[in-house]
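Here are my notes on the model, set out as numbered points. Please read them with the structure open.

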2 protein chains.
Amino acid sequence: MTIPRHLDEDLNLLKEKLLIMASLAESMIHKAVKSLVEKEESYFKQVKEEENKVNHLEIEIDELCLKLLALKQPMATDLRFITSAMKINSNLERIGDLAINIIERAAFLLKQPQLKPLIDIPRMADLAQKMVKDSLDAFIKKDADLARSVLKRDDEIDDLKNQIFRELLTFMLSDQSTIPRALELILVSRHLERIGDHATNIAEDVIYLVQGKDIRHHIEEENRN
Amino acid sequence: MTIPRHLDEDLNLLKEKLLIMASLAESMIHKAVKSLVEKEESYFKQVKEEENKVNHLEIEIDELCLKLLALKQPMATDLRFITSAMKINSNLERIGDLAINIIERAAFLLKQPQLKPLIDIPRMADLAQKMVKDSLDAFIKKDADLARSVLKRDDEIDDLKNQIFRELLTFMLSDQSTIPRALELILVSRHLERIGDHATNIAEDVIYLVQGKDIRHHIEEENRN
């Protein structure tokens, strides 16, 4: 016979699973970009294994949330916490997908001569990875200030993306043999930008959860019905 | 005094709002690509207005779902229907964002000489738009076959995207003055691809909802815990 657990215990289990998933997603971003910078193929297998774990966790977390909604009938804050967890879950899974996209582009680039030493792409990756980490920490600790700091960093990511685009455009215009490689690098920077967007989604959910205020789309209270 | 409504009525209201949101998203895709093909700026304002409506609907739908979860304590199928609605809501909002991205690229391209007559991009847009429509219809009618037909079409979108990429690469390699325009068109095709991905997410959710079978990541029952 199993002793019925208290909702708090279930919520702790949910937090734990989300944290594991987030650290897997962070590791995937890190390794995908490392393989690109170091021209090192050995990370591919590890990243694919991590993706597999992330995919299993996504389903587990979704099912856990549904079970909690159905069996525990949580109210108010707990309810909102669980529905936020479901959204964060989707965002983390997409982040994993984007890391896979990056490593697939790395696979192409590794076979080509190096276009230029990569400086801004690893910086962008560090930023994106930290945004993912902090958005999850903000969720677990219900820390709206930390969540807001994630939102601010989205502009830095965008600036880096634009800088990378301009630099690679110069390469392409001066030497057409660089075009295929430059295109791949531009797309890598877009994937990193989207990782930042997903972290931003999570941070917006955290602010909503903590303050009960929906900051998506910057819609002011008075405009809402 | 208000008479408490039956859950079915609330669910119908939810369906209605999602259908309105989906048709706005479809219209945004259509007009964004039309402005690109016809080199016509007059669609910009309309698409921005539709985005504003989509953003308001996202919040309304989210709040309606939370209210239903909290006050009606739905069980089994209804519970899953509501949590699916929340996910579909996020996907539709992202589709609107992507239409905005397309129209922003159109704004740049309209000021440039036409690179080539656009054939594949409007085909891709038609496909993506139909996928959005059918994934929503599949949800409303709980039609798993229609949802599966959406999944199949994702490969067609990918093929078109690859074809567009190859063609534009040829342009860039033969005439470097085409590079900035070709890059923008490549990114438009990526936005359309992502719209197809979001429709695919919705279709996968529908199959899960109807068959209770999770087809994400093709993970078989025996592998799951």
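1. First, a definition for the helix packing discussed below. Helix axes here are lines fitted to C-alpha atoms over the stretch in contact, and angles between N-to-C directions run from 0 to 180 degrees. Two packed helices are described by the angle between their axes and the distance between the axes. Bear in mind throughout that this is a predicted model.

2. The fold of chain A. Chain A holds six helices and zero strands. Its pattern along the sequence is α-α-α-α-α-α. The C-alpha trace of chain A spans about 65 × 50 × 25 Å along its principal axes. Chain A has 225 residues, and 41% of them count as buried. Take the contacts in chain A between residues at least 6 apart in sequence: 79% of these join residues at least 24 apart.

3. Symmetry. A turn of 180°, with a shift of 0.0 Å along the axis, lays chain B on chain A with an RMSD of 0.0 Å. That is the relation of a two-fold axis. The interface fits this picture. Of the interface residues of chain B, 96% are also interface residues in chain A, so the copies meet through the same surface.

4. The interface. On one side are 26 residues of chain B, in contact with 25 residues of chain A. Which helices of chain B each supply at least two residues to the side that touches chain A? They are α2 (43-71), α3, α5 (144-174) and α6 (179-211). The most comes from α2(B), with seven residues. By class, the side of chain B that touches chain A has 13 nonpolar, seven polar and six charged residues.

5. One helix pair across the interface. Helix α2 (residues 43-71) of chain A packs on helix α3 (residues 76-109) of chain B at an angle of about 130°, and their axes are 10 Å apart. That makes α2(A) oblique to α3(B). The crossing of these two helices, α2(A) and α3(B), is right-handed. From α2(A), the residues that meet α3(B) are L66(A), L69(A) and A70(A). Their partners in α3(B) are L79(B), R80(B) and T83(B). The contact of α2(A) with α3(B) thus divides by class into four nonpolar, one polar and one charged residues.

6. K87(A), a lysine to check. Is K87(A) buried or exposed? K87(A) has 20 C-beta neighbours inside 10 Å, so this residue counts as buried. Its place is in helix α3 (residues 76-109) of chain A. Leaving out residues up to four places away in sequence, K87(A) touches D205(A) and S90(B). Another residue to locate is D62(A), which is 25 residues from K87(A) in sequence and 9.4 Å from K87(A) in space, C-alpha to C-alpha.

7. E184(B), a glutamate to check. E184(B) is in helix α6 of chain B. Why does E184(B) count as buried? The reason is its 20 C-beta neighbours inside 10 Å; the cut-off for buried is 20 or more. Setting aside neighbours within four places in sequence, E184(B) is in contact with R105(B), F108(B) and L109(B). With R105(B), the C-alpha separation is 6.3 Å, although E184(B) and R105(B) are 79 residues apart along the chain.

How values were computed: Residues numbered from 1 in each chain as written. Chains lettered and ligands numbered in written order. Predicted model: local features only at pLDDT ≥ 70, side-chain atom pairs only at ≥ 80, totals over all residues. Least-squares fit on C-alpha atoms with pLDDT ≥ 70 in both. Contact = placed C-beta atoms within 7 Å. Helix = DSSP H or I, 4+ residues; strand = E, 2+ residues; numbered from the N terminus. Parallel < 35°, antiparallel > 145°, perpendicular 65-115°, else oblique. Left-handed = near helix turned anticlockwise from the far one by under 90°. Nonpolar A, V, L, I, M, F, W, Y, C, P; charged D, E, K, R; others polar. Buried ≥ 20, exposed ≤ 12 C-beta atoms within 10 Å, placed from the backbone.
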